[in-house]
Amino acid sequence: MRGREHEWDAVSELLRAAEAGRGGTLLVEGGSGTGKSLLLGAAGAGAEAMGFGLATACADELGELSPLSSLFAALEDTPAAPAVAPGEFPDLLDLRLWRVEQLRARLQARAADHPLLVTLDDLHWADPTSLTALWTLRWQLGSYPVAWILARDADRRGAAVARLFAVLERDGARRVELGPLADPAVLALVARLLGAAPDAALRGLCQGAGGNPRLLVELVEGLREEGALRVVGGRAETVATTLPRRVQVVVGRRLDRLSGPARQLVETAAVLGRSFAPEDAAEMLGETTAALLPALEEALSAGVLVTSGAELAFGHEVVWQAVLAFLPEPFRAALHRQVGELLLARGGAAVPAATHLVEGGRRGDARALAGLDRAIGEVVATSPQTATALAVRTLELTDVGDPQWLPRALRAVDTATEAGRLADAAGLVRAALALPLAPAAVARLRCALAGIHHLAGRAATEAEAVLGRDGLPADLRDRAELALIDALSGDRDDGRGERLTVAVLATTGERGDAVVIGALIARAVTRWDAGCLAEALALTRRAVNLARSAAADGRRIDPRLALGGMLADLGRLDEADAVVRDARKELDSLGHLTWMAGSAVLAARLDLAAGHLDEAAASAEGGLATAAALGTHLFTPPALVLLAEVALRRGDLLAAAAHLEGVPAGRAGYAPANAGARRDLLSARLTELHDGAPAALTVLTELYARLPRHPGVLAGDPAAAGWLVRVALAAGDRRRAGIAAAAAESLARDNPQFPVVCATAAHARGLLAGEPALLRQAVRGATDGWARASAAEDLADLLTGPEAIDMLDAALDGYDRNGSVRDAARVRRRLRRKGVRHRHWSYAERPVTGWDSLTETECSVSVLVAQGRTNREIAGQMYVSAHTVAYHVRQVFRKLGVHSRVELTRVAVEGGHLRDVPGRHRD
């Protein structure tokens with residue numbers, strides 16, 4: 001028996017002894033539902049297969065009224081009437097001894113031809129005569145091949161049977177105590193019953209049986225009978241939303257054995273929760289705790305309840321759920337309402353009461369609604385998902401005519417937006433707008449919709465409509481202005497956004513924190529674009545500091561994404577990485593999902609800048625999946641641009657083009673606004689590879705024209721200025737090459753404190769002027785590995801002999817370290833033309849398949865998978881999204897040629913790769 005190996009070993013040893021002609025006894029003790037009957041049934045089947053005879057019975061509560069009945073039942077017999085004249089037995093004792101002798105003779109006859117297994121269950125109900133007979137018969141039949149398995153419920157009191165077990169154990173009987181099945185045994189039993197491994201949801205449901213084999217079997221069989229199970233790809237899944245009828249019947253029988261007061265206690269306590277304080281149950285029933293003692297003891301004795309520290313608890317999750325299911329809905333709702341009111345009356349935090357008020361609240365119940373309002377305020381900052389559920393339910397219970405309806409509707413929209421549930425938030429707004437509302441209410445709802453549209457990547461026409469109204473309250477004006485600032489911040493030539501931003505920052509004392517933070521970020525983007533990088537960085541840091549202490553008017557603003565992006569572009573990768581880790585950790589722990597896709601995309605930018613293409617692709621894929629799941633399409637364009645850049649460096653031109661095709665024209669994502677320029681640059685690079693430099697210039701006509709006024713676009717890619725000069729020279733357009741070089745020099749002149757822009761300017765001017773000294777300066781000053789390799793390759797064009805070869809070697813090394821397959825191949829060809837063939841190798845070269853083909857991050861993920869962690873658990877440990885982990889797992893499966901986590905675990909174990917993984921690593 002899986003999970004009962006120790007107990008089954010004891011059974012096997014007993015049967016082998018009887019088969020060899022020696023009798024023996026096994027004493028089995030177990031709480032209610034620990035699987036005594038399963039063990040006894042398996043023992044009987046095993047004995048029968050070995051040629052044993054069987055004698056099986058179970059004592060019952062009426063055993064004392066019919067002494068020895070269970071022993072005769074085991075032999076499928078009834079006691080014979082004594083063939084003597086009335087009065088020949090002087091007393092009842094002689095009659096009972098005579099019947100014991102009958103049992104001895106029949107057992108002896110059964111054991112004469114083959115071994116015999118006698119199993120007796122529930123001996124806690126057995127009468128004293130039967131217990132005495134068992135001791136006598138075991139002694140009398142000691143020389144016969146009779147194996148005895150005697151079982152009792154350890155939860156039931158019975159001094160007589162306890163004494164019998166103690167005596168038998170002293171005489172050599174073996175005792176085993178059955179506890180709940182461990183989780184591996186539960187999973188093994190479920191897999192055996194279904195012929196497939198259970199998925200995570202089914203595992204969680206089965207673990208609710210608390211290791212109780214009987215409940216587990218009933219649960220699985222019940223789900224199968226009701227068509228609530230399906231097997232897909234060798235994995236069993238459940239589609240059940242309620243417990244199967246079979247489980248409810250089993251639990252119902254246990255409840256039927258309780259007295260009225262004990263059952264009332266159990267049903268009332270179920271509404272309090274899986275665990276509860278005795279005094280809460282007493283207060284619900286209007287009793288003292290002392291008065292409940294008899295009912296509590298009965299429920300504990302029956303195994304329905306157990307002690308859990310200072311509280312009581314239901315022994316099994318499924319039992320608790322079944323008890324709740326027995327309660328009629330109106331009665332259950334009334335009890336929840338009673339609990340909620342009781343907890344509110346005590347004072348303190350409102351959240352415990354809210355969980356009950358949500359279940360039992362009635363429309364228009366002012367006291368319950370006030371409690372829910374208070375609970376939402378307590379959790380909104382730390383758990384937007386919980387706050388959303390409470391806010392939506394509170395709105396459902398509020399009449400439209402209630403003065404609090406509009407504030408509650410707006411709060412529900414805000415919490416849903418913060419939780420990343422944009423579709424739900426928009427649905428709430430649309431449903432509200434369908435009602436006959438006052439113009440002021442309509443304006444507030446449309447303003448909320450504008451914020452949702454911004455996150456979904458759509459224009460904020462709603463905000464413009466709201467701002468067109470006269471006499472707007474200050475808070476509504478702030479919300480509308482913030483939505484419009486967000487929508488216009490990427491339109492660099494639209495004066496509306498700039499004018500609005502300047503107006504807000506000129507009157508910060510009259511504005512709320514949220515709109516000021518938004519204006520600071522928008523202003524920072526504008527100044528960055530104009531080439532004032534230090535000013536932009538200072539504005540963004542100011543926004544971050546304000547956001548740390550600001551309530552943000554009910555909407556969380558996280559300017560750390562903008563700060564991290566700017567730091568990444570300036571080559572300050574360590575500082576940027578710290579910002580991103582801090583933001584992602586907080587967003588994940590607090591459940592603020594709105595910005596999770598943005599944080600994943602920013603992590604991808606850092607990985608790309610560090611030359612970790614696998615990690616960059618994984619993070620970008622994770623951000624893309626998160627944006628799709630939450631509807632935060634604002635982050636879709638930058639994710640696609642990053643994936644295109646990774647594909648281009650790898651030499652996969654088709655994939656790069658496919659990613660770019662998914663990027664819409666116009667603004668390409670969250671600040672800074674150079675994401676659109678990066679898209680245009682990548683598109684031009686692809687065009688150059690396919691159609692040559694002149695064709696690429698046609699794609700870049702607008703970009704060249706904008707560079708004098710918007711040189712900050714060059715800060716987004718440290719190799720961009722050099723490439724713009726190079727492609728213009730290749731096309732014979734020296735004027736445009738000069739525009740790019742002048743823009744880079746202007747950027748460096750205005751920002752000398754940032755080495756990355758100085759190196760960029762040296763690269764561009766060095767190419768234009770053919771100056772090796774400037775290109776050497778670019779190579780030395782570059783902080784980006786790929787940009788350094790690009791400058792080294794350009795410098796090699798101006799050199800001859802060993803110096804040129806050294807620069808090509810440096811370029812090759814840089815491209816290899818950054819995973820730039822196509823660029824590395826080009827440099828190798830140039831080296832071969834110069835007669836250098838011994839350098840056909842790659843610093844980062846790995847096998848295509850096998851464990852050695854995995855990156856360090858993929859190794860870390862593989863080890864954590866082999867340790868049994870879920871994708872969500874791995875994501876939490878490595879501070880990445882679950883989507884990113886899923887991408888890594890797919891890559892690992894492909895490289896190792898496996899198709900399941902079980903196969904991956906086998907490869908890791910057999911290869912000796914298991915080790916502790918403290919956190920996220922870079923290759």
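Guide: One definition before we start: two strands pair if DSSP finds at least two bridges between them. Also keep in mind that what you're looking at is a predicted model.

Visitor: Okay, take the open sheet with antiparallel pairing. In what order do its three strands come?

Guide: Begin at the edges: strand E9 (275–276) and strand E10 (305–308) each pair on one side only. E10 is joined to strand E11 (residues 311–314) by four bridges, running antiparallel. The order is E9-E11-E10.

Visitor: Which residue of E11 stands opposite Val-306?

Guide: Strands of a sheet pair through backbone hydrogen bonds, either parallel or antiparallel. E10 and E11 run antiparallel, with four bridges between them. Opposite Val-306, in E11, stands Ala-313.

Visitor: And what angle does helix H13 make with the direction of E10?

Guide: H13 covers residues 293–301 and packs on this sheet, where it touches E10 and E11. Its direction and that of E10 make an angle of about 100°.

Visitor: Let's move to the sheet with mixed pairing. Which strands are at its edges?

Guide: This is another open sheet of three strands, in the order E6-E8-E7. An edge strand here pairs on one side only, and that describes strand E6 (197–198) and strand E7 (229–232). The edges are therefore E6 and E7.

Visitor: What is the bridge partner of Ala-197 in E8?

Guide: E6 and strand E8 (residues 235–238) run parallel and are joined by two bridges. That just meets the cut-off for pairing, at least two bridges. Ala-197 is bridged to Arg-235.

Visitor: Which helix lies across E6, E7 and E8?

Guide: Look for one running at about 65° to E8. With residues 200–207, the helix you want is H8.

Visitor: Now strand E1. Is it largely enclosed or largely open, and how many of its seven residues are buried?

Guide: Buried here means under 20% relative accessible area. By that test E1 (residues 24–30) is largely enclosed by the rest of the structure, because the buried residues number six of the seven.

Visitor: Which strands does E1 pair with in the parallel sense?

Guide: One partner spans residues 146–153 and shares seven bridges with E1; Gly-30 is bridged to Asp-153 there. Another spans residues 174–178 and shares five bridges with E1, with Val-28 bridged to Val-176. Those partners are E4 and E5.

Visitor: On to helix packing. What are the angle and the axis distance for H15 and H17?

Guide: Two packed helices are described by the angle between their axes and the distance between the axes. Helix H15 (residues 329–346) and helix H17 (residues 366–379) have a left-handed crossing. The values are about 65° and 11 Å.

Visitor: How do the residues of that contact divide into nonpolar, polar and charged?

Guide: H15 brings Glu-341, Leu-344 and Ala-345, and H17 brings Arg-367, Gly-371 and Arg-374. Gly is counted as polar here. The split is two nonpolar, one polar and three charged.

Visitor: Is Asp-122 buried or exposed?

Guide: Asp-122 sits in the loop between strand E3 (116–121) and helix H5 (128–140). Its phi is near 55°, a positive value in a residue other than glycine. Its relative accessibility is 18%, so Asp-122 counts as buried.

Visitor: And which residues does Ser-790 touch, leaving out those up to four places away in sequence?

Guide: Ser-790 is in helix H40 (residues 785–797). Its relative accessibility is 5%, so Ser-790 is buried. The residues it touches are Arg-726, His-763 and Tyr-815.

Visitor: Last one, on confidence. Which elements have the lowest and highest mean pLDDT?

Guide: Across the protein the average pLDDT is 83, with 89% of the residues at 70 or above. Residues 551–556 stay under 50, yet the model has 20 contacts for them beyond four places in sequence. Where pLDDT is low, the predicted coordinates should not be read in detail. Among the elements, the lowest mean (71) and the highest (95) belong to helix H3 and helix H37, respectively.

How values were computed. Residues are numbered from 1 along each chain as its sequence is written. This is a predicted model: local features need pLDDT of at least 70, side-chain atom pairs count only at pLDDT 80 or more; totals for chains, interfaces and linings use all residues. Side-chain values use heavy atoms; hydrogens and water are left out. Buried means under 20% relative accessible area, exposed over 50%, partly exposed in between (1.4 Å probe, protein chains only). Axes are lines fitted to C-alpha atoms, for helices over the stretch in contact, and angles run from 0 to 180 degrees between N-to-C directions. A crossing is left-handed if the near helix is turned anticlockwise from the far one by less than a right angle, and right-handed if clockwise. Contact means heavy atoms within 4.5 Å. pLDDT is the predictor's confidence in each residue, from 0 to 100.
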